[in-house]
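Let's take a look around this model together. Have a glance at the sequence and the fold first, then read on.

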Amino acid sequence: MASPPNIKDGQSTNRPPRFNGQYYGWWKTRMHDFIMAEDSELWDIICDGPFVPMKTVGEGTTIVLKTRKEYKDADRKAIEKNFRAKKILVCGIGPDKYNCISACYSAKEI
């Protein structure tokens with residue numbers, strides 16, 4: 001795959017690649033590699049959707065969402081991963097495309 005013309009040398013390895021509306025395939029590959037280098041579980045969240053804390057009530061037959069007060073530390077850490085993935089994706093999209101994704105709750109929606 002050819003890289004886009006006029007690509008600047010020495011782009012940051014600390015910031016995700018910015019999508020400018022062109023060369024989606026090139027950006028997608030770079031974004032995938034960036035996310036995998038940050039934390040491979042983030043890519044799973046992007047593909048599979050976020051972790052949703054649930055609990056069993058009654059005689060073990062009904063599963064419902066936990067309230068925020070019921071979250072354990074492990075629940076909070078898992079939830080944070082969705083927001084880390086979302087942050088990377090939002091930072092990789094320019095302001096011209098931001099309106100398309102601003103209402104998305106999860107990284108998978110983006």
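## One side of H2

Helix H2 (helices are DSSP runs of H or I, at least four residues, numbered from the N terminus) has Leu 42, Ile 45 and Ile 46 as its buried residues; buried means under 20% relative accessible area, with a 1.4 Å probe and protein chains only. Looking down the axis of H2, these residues fall within an arc of 100 degrees, so they line one face of the helix. The arc is taken from the directions from the helix axis to the C-beta atoms. They pack against H1 and H3, where contact means heavy atoms within 4.5 Å.

This is a predicted model: local features need pLDDT of at least 70, side-chain atom pairs count only at pLDDT 80 or more, and totals for chains, interfaces and linings use all residues. Residues are numbered from 1 along each chain as its sequence is written, and side-chain values use heavy atoms, leaving out hydrogens and water.

## The core

The largest nonpolar core (buried Ala, Val, Leu, Ile, Met, Phe, Trp, Tyr and Cys residues joined through side-chain atoms within 4.5 Å) has 14 residues. Helices H1 (24-38), H2 (40-48) and H3 each give two or more residues to this core, and H1 brings the largest share, four residues.

Met 31 is among the residues with the most contacts inside the core. Setting aside residues up to four places away in sequence, Met 31 touches Pro 16, Pro 17, Ile 88, Leu 89 and Gly 92.

## A buried Asn

Over in H3 (residues 73-91) sits Asn 82, which is buried at a relative accessible area of 2%. Beyond its neighbours within four places in sequence, Asn 82 is in contact with Ile 45, Pro 50, Tyr 105, Ser 106 and Ala 107.

Methods: Buried < 20%, exposed > 50% of the residue type's maximum accessible area, 1.4 Å probe, protein only.
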